[in-house]
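Reader: I'd like to go through this one by asking how each label is earned. Can you take me from the value to the word each time?

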Amino acid sequence: MNWHPHTISLLGIAALAAPITSQAKIYVSIEQAQVLLLPNQLLTQSPILISKGLQEKLRLASSIRHPFQGDRIWKAKDGSWFVVDEVVGKHEMIQYAVALSPSGAILGVEILEYVESYGYEVADPAWRKQFIGKQANDPIKLNQDIQNIGGATLSCKHLTDGVKRVVMLYELALKEQSSKTK
């Protein structure tokens, strides 16, 4: 008996065997986010060394296990801060930026790059607006003071935890650095 597969069958088998890939969606560059979040500000890159102790405090405050990189921090002339961080969405990394006022209040959050197939709604300005004005003493917790988006729960949770980590970074390290330069 000879087996003769149909062309459509071969296409189905090929589709199943093909690797699943996702396309990175770049929303804004770091430079564009700096202009959006801190317009008319001269920013100076101000990397800091993240000690094991600080890393552990940030992990406890935010539940983010992925280590924070201290090389993507900028300070504005007026004392504001611009911090780039990344967290895992569901499977892939979400790169985002947070601008903080000189007192540590969130001025805005921008999504820089989002790779996941689902949950991209976290890039919606209306959702990100919930963070504005929050500080380290605010809960910054999903379903507490930050609303969830159905179908994007993990991205919402991890991004919310990441923003909490950035405000805690200010509270634990940048705030002290601000007071030294005054």
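Reader: Let's start with two aromatic residues: are W127 and F131 buried or exposed?

Author: Both W127 and F131 are buried. Keep in mind that this is a predicted model, so buried here means a relative accessible area under 20% in that model.

Reader: What makes the rings of W127 and F131 an edge-to-face pair?

Author: I can come to that by way of the count, which is two aromatic pairs. In one of them, the ring centres of W74 and F82 lie 5.6 Å apart, within the 6.5 Å limit, and the planes meet at 65 degrees, over the 60 needed, so that pair is edge-to-face. For W127 and F131 the centres are 5.3 Å apart and the planes stand at 80 degrees, so the same reasoning makes this pair edge-to-face too.

Reader: How do you know that W74 and F82 are buried?

Author: W74 has a relative accessible area of 11%, which is under 20%, so W74 is buried. F82 comes out at 0%, so F82 counts as buried as well.

Reader: Why is P125 called exposed?

Author: The relative accessible area of P125 is 53%, and the cut-off is over 50%, so P125 is exposed. P125 lies in helix 4. Its C-alpha atom is 8.4 Å from that of E110, and the two residues are 15 apart along the chain.

Reader: What makes the phi of S63 worth a remark?

Author: S63 is not a glycine, yet its phi is positive, at about 70 degrees. Most residues other than glycine have a negative phi. You'll find S63 in the loop between helix 3 (52-62) and strand 3 (73-76). With a relative accessible area of 42%, S63 falls between 20% and 50%, so the label is partly exposed.

Reader: Where is I140, and why is I140 called buried?

Author: I140 sits in the loop between helix 4 (125-128) and helix 5 (153-180). Its relative accessible area is 1%, under the 20% cut-off, so I140 is buried. I140 also has a positive phi, near 45 degrees, without being a glycine.

Reader: Which residues lie closest to the centre of the largest pocket, and how much space does that pocket hold?

Author: The largest pocket holds about 240 Å³. It is lined by 15 residues, and K90, H91, E116, S117 and Y118 are the closest to its centre. Helix 5 gives the most to this lining, with three residues. By type, the lining has five nonpolar, seven polar and three charged residues.

Reader: What are the elements of the chain, and in which order do they run?

Author: There are five helices and six strands. From the N terminus the order is α-β-α-β-α-β-β-β-β-α-α. Of the chain's 182 residues, 43% count as buried. Among contacts between residues at least 6 apart in sequence, 62% join residues at least 24 apart.

Reader: How do you know which part of the model to read with caution?

Author: Look at residues 14-21, where pLDDT stays under 50 and the model has zero contacts beyond four places in sequence. Where pLDDT is low, the predicted coordinates should not be read in detail. For the chain as a whole, pLDDT averages 89, and 85% of the residues score at least 70.

Note on methods:
Residues are numbered from 1 along each chain as its sequence is written. This is a predicted model: local features need pLDDT of at least 70, side-chain atom pairs count only at pLDDT 80 or more; totals for chains, interfaces and linings use all residues. Side-chain values use heavy atoms; hydrogens and water are left out. pLDDT is the predictor's confidence in each residue, from 0 to 100. Contact means heavy atoms within 4.5 Å. Helices (H or I, at least four residues) and strands (E, at least two) are DSSP runs, numbered from the N terminus. Buried means under 20% relative accessible area, exposed over 50%, partly exposed in between (1.4 Å probe, protein chains only). On a 1 Å grid over the protein atoms alone, a cavity is a set of points where a 1.4 Å probe fits but cannot get out, and a pocket is an open set with protein on both sides within 12 Å along at least five of seven lines; lining residues have an atom within 4 Å of a point. Grid points are joined across faces, edges and corners, and a volume is the space filled by probe spheres set on the points. Ala, Val, Leu, Ile, Met, Phe, Trp, Tyr, Cys and Pro count as nonpolar, Asp, Glu, Lys and Arg as charged, and the others, Gly among them, as polar. Rings of Phe, Tyr and Trp (its six-membered ring) pair if their centres lie within 6.5 Å; planes under 30 degrees apart count as stacked, over 60 as edge-to-face and the rest as tilted.
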